[in-house]
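Student: Please take a close look at the disulfides of this chain, and then place them against the cores and the sheet around them.

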Amino acid sequence: MRHRIVGLAVAAVLAAAVPAGATAPEPPPGYGDAAPSRPTDPPGYGNAPPPGPTTAPPGSALNGEAWAWTQLTSDGTHVRYVSTDSSGTCPSVVYTYGGSRRTDPLRRVSTPMGSQFPTTVCEAQVRLTASDAMLAPATVRAAALHPSNGRLPLPNWTTATRPARIGVIGDTGCELPVPAGDPAQDCANGWPFQRVANSVAARTRPDLVIHVGDYLYRENPGRANDKPQNPGCTTLADRAAWACVVADFFRPAERLLATAPVVLARGNHEDCNASQKGGAGGAWFRYLADELRSNGTCSLLGQPAVIRAGTLTLASVDSSLADRDDDGSRANQATYAAQFDAVNQAAAQAPGDVIVVTHKPLWMVKAAGQTPGAVTWATHVLDGAVADSQLHRLQTKVRMVLSGHFHLAQKLDFDSTRPPQLTLGSSGGPLDNGPVDGNVELQSIGTPAEQVHQSVTKLLAPGGPGIFGYGDLRYDGATWNLTFRDRDGDRLDGSCRLSTSTDHRNFVC
């Protein structure tokens with residue numbers, strides 16, 4: 001079980017949110033006085049050999065395709081590797097640590113499982129301050145490897161520093177709905193995700209990338225117009241198969257994944273099917289989740305993950321089940337209140353700034369009329385859960401909330417103790433219409449109701465469609481600076497600097 005929530009008090013809070021029969025997460029290492037417990041040491045850290053084969057069987061030939069990346073989890077930095085080759089083996093990662101080169105075998109997490117998951121999944125934990133990592137070529141049994149040079153980005157910070165450049169993307173997949181009457185996105189020519197991802201890599205040159213959720217939009221791959229580029233992801237039966245995960249995320253993000261480690265939040269598109277096995281949620285837990293699974297199962301609601309990036313803490317809340325149909329439902333509000341209690345207690349023990357990452361936004365404004373008046377905002381169940389938490393707000397160290405879900409880029413702040421909400425769901429899926437910002441400001445939203453101090457939504461025209469792009473967050477040594485960028489990485493406005501006040505939280509532009 002990964003170390004997700006901080007402290008024994010936090011574990012007690014989570015117990016109320018854990019379904020019957022489940023086990024509450026353990027506190028993460030480094031936050032308490034006791035030595036952290038670990039069910040099993042990661043490969044290369046002890047004397048025991050890693051599970052599963054680490055060399056190819058006699059006569060094994062190179063075949064298949066493999067993808068490797070670096071992901072921050074609540075259990076540290078992990079190199080992950082997924083391959084369709086037939087050897088069933090895991091490669092080794094070579095890196096520099098403590099002034100010398102060391103080689104650690106990846107451990108096998110899962111083996112092929114039917115047509116949806118024809119893959120071997122492997123991972124290894126790499127210590128902070130390690131550098132110059134690559135997969136040992138002789139241990140890779142796939143005929144094609146991504147990245148082709150096998151080099152993997154590692155954190156460039158220490159326990160006393162933090163990532164200075166962060167690229168924030170969200171809602172990236174190419175939308176192919178099942179109903180024939182719903183429009184299908186032009187995946188071959190009009191889908192901008194690869195262009196956005198390449199711009200983040202080239203223009204922002206991030207130390208870290210945060211994806212706020214929604215990766216898998218190919219609900220009916222049979223409607224795609226880029227099927228020749230995506231064998232294995234061409235029919236309705238293929239949806240959420242590994243080939244579609246590659247088509248919707250890994251292939252367009254290849255350059256970005258070779259540039260920086262990633263933090264991945266779950267979106268509502270990574271939901272469970274009726275049997276809670278397989279489906280997009282099954283793919284999420286097999287390949288992308290904080291803790292990977294080998295059996296294809298899917299949980300409706302995950303627990304918060306507290307992820308350390310030096311002195312920066314990222315508290316990831318799984319809001320995929322929050323207001324599932326976007327109809328204002330407050331179901332599960334008590335469960336989310338317990339989760340925000342856990343986040344607040346983790347934040348209180350964090351060494352520095354905390355950013356809450358959750359797919360569905362707490363206070364994002366969806367629309368406002370052409371004349372001043374009431375605004376339409378989301379998501380009531382999450383806002384209510386924060387209000388129902390023991391603090392009745394987010395902890396003081398929470399500097400901002402990062403979300404997606406709505407396919408817009410928006411900055412919303414209240415000039416109060418409530419942290420700013422950034423919504424960055426404009427990186428790939430069809431864009432939504434936004435509000436008239438001037439009609440949002442001074443209107444009251446949330447619990448308790450607070451006036452919107454500043455609403456900035458990047459639109460082609462007030463009340464019109466959004467603009468494809470991403471968020472560029474940079475730390476200047478004292479606070480964060482935000483720039484909205486378009487699909488080519490060009491600024492959509494000047495940079496805005498986050499105030500350091502805990503009573504007047506806003507971005508000054």
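Tutor: In this predicted model, the count comes to five disulfides. With the bonded cysteines counted along the chain, the pattern is 1-2, 3-4, 5-6, 7-8, 9-10. Three of the links are described here, among them the one between Cys233 and Cys244, with S to S at 2.0 Å. Cys233 sits in the loop between strand E11 (208–211) and H3, while Cys244 is in helix H3 itself, 11 residues apart. The angle about the S-S bond of Cys233 and Cys244 is 100°, which makes the link right-handed. Both Cys233 and Cys244 are buried.

A disulfide also joins Cys272 to Cys298, again with S to S at 2.0 Å. The link of Cys272 and Cys298 is left-handed, with -85° about the S-S bond. Cys272 belongs to the loop between E12 and H5, and Cys298 to the loop between H5 and E13, so this pair ties together parts that are 26 residues apart in sequence. Cys272 and Cys298 are buried.

The sulfur atoms of Cys496 and Cys509 are 2.0 Å apart and form a disulfide. The link of Cys496 and Cys509 is right-handed, with 105° about the S-S bond. Cys496 lies in strand E26 (residues 496–498) and Cys509 in the segment after strand E27 (507–508), so the pair ties together parts 13 residues apart in sequence. Burial splits this pair: Cys496 counts as buried because its relative accessibility is 2%, a value under the 20% cut-off. Cys509, with a relative accessible area of 59%, is exposed.

Helices H3 and H5 come up again in the largest nonpolar core, which has 43 residues; Ile169, Trp242, Phe249, Phe250, Tyr287 and Leu288 touch the most other members. At least two residues of this core come from each of strand E1 (65–73), helix H2 (193–204), helix H3 (242–250), helix H4 (254–257), strand E12 (262–264) and helix H5 (279–288). H5 gives the largest share, six residues. Apart from neighbours within four places in sequence, Tyr287 is in contact with Trp69, Arg80, Val82, Gln116, Phe117, Thr119, Val121, Trp242 and Leu292. A second, separate core has 31 residues, including Ala322, Ala347, Val401 and Val440. As background, nonpolar side chains in soluble globular proteins tend to be buried together.

Next comes the sheet. Seven strands form an open sheet in the order E13-E14-E15-E18-E20-E19-E23, with mixed pairing. Strand E13 (305–309) and strand E23 (454–457) are at the edges with a single partner strand each, so one side of each has no neighbour in the sheet. From one strand to the next the twist averages 15°. Strand E14 (residues 312–317) and strand E15 (residues 354–358) run parallel and are joined by five bridges; Ser316 has Val357 in E15 as its bridge partner.

Helix H6 lies across E13, E14, E15 and strand E18 (398–403), and runs at about 170° to E14. H6 (333–349) and strand E17 (375–377) are among the elements that cover the buried residues of helix H7. H7 (residues 380–388) is mostly covered, with seven of its nine residues buried: Val381, Leu382, Asp383, Gly384, Ala385, Val386 and Ala387.

How values were computed. Residues numbered from 1 in each chain as written. Predicted model: local features only at pLDDT ≥ 70, side-chain atom pairs only at ≥ 80, totals over all residues. Heavy atoms only, no water. Core = buried A, V, L, I, M, F, W, Y, C linked by side-chain atoms within 4.5 Å. Buried < 20%, exposed > 50% of the residue type's maximum accessible area, 1.4 Å probe, protein only. Helix = DSSP H or I, 4+ residues; strand = E, 2+ residues; numbered from the N terminus. Contact = heavy atoms within 4.5 Å. Pairing = 2+ DSSP bridges. Axes fitted to C-alpha atoms, helices over the stretch in contact; angles between N-to-C directions. Disulfide = S-S within 2.5 Å.
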